[in-house]
Amino acid sequence: MRKETMKRCLLWVCLFTGLLSCKKDKAEVKSQNGQVKAWETLIDGNSFASYANFEAQWNYNYPWGTDHNGSARMVGSSSNHNQISLSGGVLTIKATRLATSPGNSTANGFTNVAIWYNSGACYAKQQVLINDQFPSYTISGDFAVPTSKGTWPAFWITGVNSWPPESDIMEFKGNNTNWQNTYDGGWENKLTAVSNAGSYHNYKCWYNKASATDVDCHYYIDNVWVAKHTMSNSVNKPMWLIINMQMEGDSGSPGPSGNTFYTGKNIYLGRERAF
């Protein structure tokens, strides 16, 4: 009886081992057939821990230069941190009013706009590219923003080779209303009043490939879903991730006469990879 019981136990062990082996083989087949997906982090909260970390993952200014659509010129480099600086894992952008204008903006379409501020911007070296291999991205960050007239902080992605596409994860235009916008040739906008916007809040978007051409954009504030937009014709179009503070322009004028500060931390960029 005892020998018979042992034989039965051995039989069950053999059957269980064989079942596990079959499952493992199936998993490997799924991976080879492109059915397995994994999540990978591209930028985590440590990118602002030091200038070495920052400069490994971010570039100073805009991808296209120092000027854009407002009265602030971006100033920053590895040797000049007057306008964009790091301390304790926090990125600080400072906009400074100038005594005299050095001239007009050099950005296409805005050469009639006079520069009256020095400010700061940075953009991630890692581009956002939504396609079959990378069908989903999450981008988020904690920001404390100015809300006075003439201040224009933003956290956004925009096309590398063309405009559109554009998705604004966070944008304040001179008051406490956050604009989350999607542009694909036409604008979709979600406006949300944010209490105590000068204290830290989390702003996030989950991007998901919805079709061969279109991307769904799910916007969140403090981890609460607030809107879904469709960004048409945006698959296979690389995009830059940008943090900046423009001044005046759409946020009104005159802007502040002194220094204005915009801070961010815990920036995250992650994506799903299909194998």
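Trainee: What does R97 count as at 29% relative accessibility?

Mentor: Partly exposed. Buried is under 20% relative accessible area, exposed is over 50%, and partly exposed lies in between (1.4 Å probe, protein chains only). Keep in mind that this is a predicted model, where local features need pLDDT of at least 70, side-chain atom pairs count only at pLDDT 80 or more, and totals for chains, interfaces and linings use all residues. Residues are numbered from 1 along each chain as its sequence is written, and side-chain values use heavy atoms, leaving out hydrogens and water.

Trainee: Which residue forms a salt bridge with R97?

Mentor: Side chains of opposite charge can pair when their charged atoms come close. The cut-off is a side-chain nitrogen of Lys or Arg within 4 Å of a carboxyl oxygen of Asp or Glu. Here the partner is E248, with the closest N and O atoms 3.9 Å apart. That pair ties strand β5 to the loop between β16 and β17, 151 residues apart. E248 counts as buried, because its relative accessibility is 10%.

Trainee: Which way do the side chains of β4 point?

Mentor: In a regular strand they alternate between the two faces of the sheet. Strands are DSSP E runs of at least two residues, numbered from the N terminus. In β4, I84 and L86 sit on one face and are buried, while S85 and S87 point to the other and are not.

Trainee: And how many bridges join β4 to β5?

Mentor: Strands pair if DSSP finds at least two bridges between them. This antiparallel pair has 4, and I84 is partnered with I93. The two form a hairpin with 2 residues between them, and G88 in the turn has a positive phi of about 60°.
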